[in-house]
Amino acid sequence: MDADPVAGPVSLVRVAIVDDHPVVVEGIRSWLAVEPRLTVVATGDDPDVVLRDAPDADVVLLDLRLHGRMAVDAVVGLSAAGRRVVVYSEHTDPETMLAVLDAGAVAFLAKHEGREHCVATLLAAADDRVYVPPSLAGAMVGDARPDRPALSDKEREALLLWFQSMSKASVARRMRISEHTVKQYVDRARIKYTRAGRPAATKSALLARAIEDGLIRPEEIGDYQSYASSDRPTP
């Protein structure tokens with residue numbers, strides 16, 4: 001089975017909340033206060049200010065609509081900087097939820113979903129695990145877009161280097177990004193294939209999907225046949 005070396009679960013998850021409604025912030029605070037593994041380290045209505053106050057936050061819980069406008073650009077920026085972003089919103093149409101994931105969010109949580117899902121989503125995000133709340137699951141199941149995932153240039157580059165038998169740490173050094181961001185690129189590609197009904201749980205399965213779709217050429221990764229048949233875990 002293909003897997004990354006597994007670090008133990010995060011003992012204390014530092015959460016930064018970005019929302020322009022104080023009553024919502026206080027409600028989330030009260031939800032998280034009864035979970036000993038979660039602590040709120042900063043709140044506010046400006047992502048840049050909040051993250052400046054809490055640069056060590058493990059997860060950013062971001063309201064998608066800030067000051068009357070959709071904050072998808074904030075999702076893109078935070079994700080590109082290696083932040084784990086959980087979007088929290090009342091905008092639960094499938095197109096919006098899927099667009100948020102494509103922008104780099106690790107999860108989408110609907111505001112009508114309760115404390116149980118909020119806590120579970122934040123804990124999973126901090127531990128780099130996938131947790132799919134009910135609303136997001138419905139959007140994924142109903143996704144009728146073409147089944148060829150659209151990978152970003154960075155996602156494809158990370159996959160290509162990883163397929164060339166580099167470890168994720170080596171890929172991170174080559175791309176000059178964090179190892180967490182490399183893992184995020186790989187996981188994002190897997191999620192896109194899973195949403196398309198073409199899951200790729202192992203490294204060789206993901207490689208096969210990428211080659212089938214013309215995203216990776218066999219000659220780019222050397223002896224594809226012997227590599228694919230081995231299906232050995234590679235960190």
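**Exercise 1. Contacts along the chain**

Among contacts in the chain between residues at least 6 apart in sequence, what percentage join residues at least 24 apart?

*Solution.* The structure under study is a predicted model. Of the chain's contacts between residues at least 6 apart in sequence, 64% link residues at least 24 apart.

**Exercise 2. The chain as a whole**

Describe the secondary structure, the burial and the surface of the chain.

*Solution.* Step one concerns secondary structure: the chain holds 11 helices and 7 strands. Step two concerns burial: 48% of the 235 residues are buried. Step three concerns the surface: the accessible area is about 11200 Å², and carbon and sulfur atoms account for 54% of that area.

**Exercise 3. Helices H8 and H9**

Determine how helix H8 is oriented relative to helix H9, and characterise their contact.

*Solution.* First, locate the helices: H8 covers residues 168–175 and H9 covers residues 179–195. Their axes come within 8 Å and cross at roughly 105 degrees. Angles of 65 to 115 degrees count as roughly perpendicular, and therefore H8 is roughly perpendicular to H9. Next, identify the residues in contact: H8 contributes Lys168, Ala169, Val171, Ala172 and Met175, while H9 contributes Glu179, Val182, Lys183, Tyr185 and Val186. Finally, sort these residues by type: 7 are nonpolar, none is polar and 3 are charged.

**Exercise 4. Gln184**

Is Gln184 buried or exposed, and which residues does Gln184 touch, not counting those up to four places away in sequence?

*Solution.* Gln184 is part of helix H9. Its relative accessible area is 7%; because the cut-off for burial is under 20%, Gln184 is buried. Leaving aside residues up to four places away in sequence, Gln184 touches Ser79, Arg83, Gly104 and Val106.

Methods. Residues numbered from 1 in each chain as written. Predicted model: local features only at pLDDT ≥ 70, side-chain atom pairs only at ≥ 80, totals over all residues. Heavy atoms only, no water. Axes fitted to C-alpha atoms, helices over the stretch in contact; angles between N-to-C directions. Helix = DSSP H or I, 4+ residues; strand = E, 2+ residues; numbered from the N terminus. Parallel < 35°, antiparallel > 145°, perpendicular 65-115°, else oblique. Contact = heavy atoms within 4.5 Å. Nonpolar A, V, L, I, M, F, W, Y, C, P; charged D, E, K, R; others polar. Buried < 20%, exposed > 50% of the residue type's maximum accessible area, 1.4 Å probe, protein only. Areas by Shrake-Rupley, 256 points an atom, 1.4 Å probe, with all protein chains shown as cover.
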